[in-house]
Amino acid sequence: MSGMMWTPELAVLRGFPTEAERLQWEQEGVAGSESGSFLQLLLEGNYEAIFLNSLTKNIFNSTKMTEEKIDSYLEKQILTFLDFSPDLDKNQRQQLIFLIGVSSLQLFVQSNWTGPPVDLHPQEFLPSALFQQLGEVKGLDAVVLSLLILDGEAIYSLTSNPILLLLARLILVNVRHKLTAIQSLPWWTLRCVNVHQQLLEERSPQLFALAEGCIDQVMKLEHLFVGDSGRYLAIQLHLECAYIFLYYYEYKKAKDQFNIAKDISKLQVNLTGALGKRTRFQENYVAQLILDVRREGEVSSNCEFSPAPTPKEYLTKNLELNDDTVLNEIKLADCEQFHMPDLCAEELAVILGLCTDLQKNNPVHQLAGEELLAFTSCLLSQPKFWAIQTSALILRTKLERGSTRRVERAMRQTQALADQFEDKTTSVLDRLKIFYCCQVPPHWAIQRQLASLLFELGCTSSALQIFEKLEMWEDVVVCYERAGLHGKAEEILRQELEKKETPSLYCLLGDVLRDHCYYDKAWELSQHRSARAQRSKGLLHLRSKEFAECVQCFERSVQINPMQLGVWFSLGCAYLALEDYGGSAKAFQRCVTLEPDNAEAWNNLSTSYIRLKQKVKAFRTLQEALKCNYEHWQIWENYILTSTDVGEFSEAIKAYHRLLDLRDKYKDVEVLKILVRAVTGGMTGRSGDVAAGLRGKLQELLGRITSRVTTDGELWRLYAEVYGNGQSEKPADNEKAFQYLSKAYKCDTQSSCWEKDIASFKKLVGRVLELAHVAVKCSENRSSPQEAVQALSSARLSLRGLSSKAKVRGGGSPEAPYREGSSVSAKRSSIFFTSGLILGHHLFDVSPHAVTGAGEVGTVA
């Protein structure tokens with residue numbers, strides 16, 4: 001990069017110039033140059049005029065047309081202009097190509113995201129010979145879409161004007177090494193990557209690597225972020241980076257970027273409670289969840305570097321609820337207490353970013369929904385910018401579609417959002433303000449959301465019309481399948497295949513008919529580049545429990561595109577089924593790398609480590625699993641077993657308490673036996689601490705267990721053992737041990753058939769003799785003879801009862817067959833404890849998820 005920045009670069013990034021910048025351009029003669037006229041058109045939002053300019057046409061036209069790919073041809077033309085155009089100096093040539101690249105990207109965004117539809121045709125600026133080779137414009141679109149495929153992931157088939165994205169990619173990515181005079185170029189490359197990724201079915205490792213490189217480069221351009229202008233640009237950059245990281249599962253990095261943007265904006269954003277009314281007939285004010293937004297320190301008076309608000313009549317209308325009970329918005333008792341400051345575009349974008357981060361990092365839950373609605377209410381209270389208004393309304397419709405009182409507005413609002421694309425009243429400049437900081441979905445995604453909502457409401461015919469119009473054949477198939485019209489789903493796919501054969505259509509036909517030959521056809525048609533084909537074929541093998549074949553398909557799929565979270569998870573499950581624990585560990589490691597809060601992946605990774613005898617790693621991974629899901633009792637059960645196994649006795653006790661919270665009468669005698677033996681025997685744990693120090697905590701745990709499970713003699717004996725089994729030097733401990741042993745004896749005698757089994761009878765004799773010895777010891781420490789006699793009498797009664805039972809049986813008759821006590825451990829898989837004890841238990845594998853179709857999640861039976 002050269003030392004001096006081209007003066008208009010900041011205005012191009014911002015989307016508008018300040019008055020001071022306009023004056024500076026006039027003084028420097030920028031406005032009168034060729035690049036100056038392009039700059040003026042760009043900042044006016046008249047992108048089509050740039051492509052209709054004779055200079056642009058000359059760049060892309062050539063007298064010599066060879067049989068080569070369109071991307072190679074266009075790149076060669078751009079490089080030829082940059083290197084050999086005699087009419088302009090080097091910097092001006094670079095500036096012109098840069099402005100064409102930015103215009104291409106902006107025009108592509110207008111065509112597919114913001115609207116209104118673009119009235120520009122490729123034949124108006126590309127050579128006619130190109131179309132003679134391809135036959136027609138539709139042929140051009142098909143060729144360009146195939147060139148935009150990355151990592152085996154297809155582009156949405158009805159993408160409008162894909163040639164514009166190809167041009168933007170050629171300039172901002174392929175030839176960026178030639179544009180050394182443009183210092184802000186990496187930021188525009190990042191924006192191009194973001195737009196391209198949103199068109200692909202799955203995440204592209206190529207694009208993510210490129211995005212990370214661009215982020216590093218832009219962060220080093222410190223002079224971009226100096227002064228008031230730099231402050232607003234810095235907020236935008238950190239928000240854009242956050243959305244990139246969020247999309248590629250880098251949740252921690254995304255949160256850091258959102259927080260940096262918030263700190264720069266000097267906003268304090270907190271969820272809080274306020275007295276208010278939510279319904280029309282509510283008499284008393286009650287606590288309501290709202291968002292409290294405050295600005296720290298002095299308000300900057302210089303807002304010329306932030307976009308000017310769009311008049312409200314040009315924004316998407318926020319529709320009224322029109323419910324006879326629920327108010328349109330919360331009516332606060334004291335409106336002035338939580339009065340929100342007048343926020344600029346970047347500040348509103350920060351609040352939207354924090355809202356998105358909250359949504360991505362929390363499970364779908366009613367409380368999370370209420371928190372998100374507090375954010376959307378805050379954003380919609382200041383309608384100023386098209387992109388923020390649209391994003392907030394889309395989120396609110398998603399939240400309201402599950403409410404019977406709000407679903408009608410959700411449908412009407414989604415329809416209004418879908419219709420705004422065609423509306424020409426709002427200028428493209430207004431729609432593009434702060435656009436890259438908001439992650440607005442493309443217009444077909446909004447229409448798909450509308451169709452999905454209609455389908456949920458039972459309007460299947462209307463939903464199908466939208467899906468068919470959008471050529472979203474997978475959704476069409478789902479509609480027919482749920483309606484029970486399997487034949488119709490097959491019929492429509494075959495009709496489309498007659499028009500044009502594509503790998504995705506063959507994959508869908510394979511999904512419908514569950515036939516491997518269609519996936520093989522898709523694989524061959526894609527020239528072995530379709531990750532989707534191998535993904536779907538692998539899933540079909542998984543359903544049939546053909547794990548070896550399933551592994552082969554999934555391995556091919558992730559080799560093409562390693563960022564398929566669901567495929568890695570299913571691959572790990574298949575390896576577990578094959579008992580290839582090294583393979584499963586590798587697959588689940590990739591899962592948790594891609595999505596660090598995937599509790600099931602962490603749990604299954606720990607299972608793999610246990611089978612590999614790597615117990616400490618298993619213990620640590622289960623700790624990560626519990627951070628992600630604190631309510632999953634099966635993960636807690638795995639954790640208690642692994643904690644006991646590695647000698648983390650304190651953690652095992654905590655885990656047992658948590659299991660009692662989740663399952664009221666949870667009981668695992670084997671784990672308790674090991675804990676009691678560790679505490680009474682003074683064993684040393686993994687960290688070097690002596691387990692005897694946990695005696696009080698274990699007594700508390702056993703007290704809690706026996707208060708819930710009162711009929712298990714084994715539990716009462718363990719409880720007595722923790723108190724010394726009557727052999728303690730403390731009389732109080734002996735008294736408790738005597739009490740618990742008495743309860744254990746009662747439980748034993750109340751169980752059925754013990755008197756018919758010689759082994760069980762002998763055990764009980766030993767236990768009652770032990771009880772008698774403890775009674776004698778306790779009687780010696782009683783304060784009065786009466787209490788001593790009472791303790792001895794209790795033991796005497798127990799002995800007499802057992803003696804009478806023995807006489808009845810006559811010392812054992814042929815009618816009482818001898819039976820060995822059955823071993824629980826023999827029936828359960830063993831995990832070996834470090835001190836040599838065996839803990840017989842069966843680790844619970846959380847039901848693994850598998851990818852279905854083009855990214856759906858299912859469950860392996």
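This note sets out points on the fold, one helix and the aromatic contacts of a predicted model.

1. Basis. Because the model is predicted, local features need pLDDT of at least 70 and side-chain atom pairs count only at pLDDT 80 or more, while totals for chains, interfaces and linings use all residues. Residues are numbered from 1 along each chain as its sequence is written, and side-chain values use heavy atoms, with hydrogens and water left out.

2. Overall composition. The protein chain contains 40 helices and 7 strands (DSSP runs numbered from the N terminus: H or I of at least four residues for helices, E of at least two for strands). Of its 861 residues, 53% are buried (under 20% relative accessible area, against over 50% for exposed and partly exposed in between; 1.4 Å probe, protein chains only). The exposed area is about 38800 Å², with 50% supplied by carbon and sulfur atoms (Shrake-Rupley method, 1.4 Å probe; for residues, only the protein chains shown count as cover). Of the contacts between residues at least 6 apart in sequence, 66% join residues at least 24 apart (contact: heavy atoms within 4.5 Å).

3. Helix α22. This helix spans residues 473-482, and its buried residues are Trp473, Asp475, Val476, Val477, Cys479 and Tyr480. They pack against α20 (443-456), α21 (460-469), α23 (486-499) and α24 (503-513). Just after α22, Gly484 adopts a positive phi of about 80°.

4. Asp475. This acidic residue of α22 counts as buried because its relative accessibility is 14%. Leaving aside residues up to four places away in sequence, Asp475 touches Arg448 and Phe467.

5. Aromatic pairs. The structure holds 22 aromatic pairs (rings of Phe, Tyr and Trp, the last by its six-membered ring, with centres within 6.5 Å; planes under 30 degrees apart are stacked, over 60 edge-to-face and the rest tilted). Tyr243 and Phe258 form an edge-to-face pair, because their ring centres are 5.5 Å apart and their planes stand at 90°. Tyr243 lies in α13 (residues 227-247) and Phe258 in α14 (residues 251-265), so the pair ties together parts 15 residues apart in sequence. Tyr243 is buried at 4% relative accessible area, and Phe258 is buried at 1%. Phe435 and Tyr436 also pair edge-to-face, at 5.1 Å centre to centre and 85° between the planes; both residues are buried.

6. Cluster and charges over rings. Phe108, Trp113, Tyr156 and Trp444 form one aromatic cluster. Arg14 lies over the face of Phe16, 5.5 Å from the ring centre, and Lys277 over that of Tyr285, at 4.6 Å (NZ of Lys or CZ of Arg within 6 Å of the ring centre and within 35 degrees of the ring normal).
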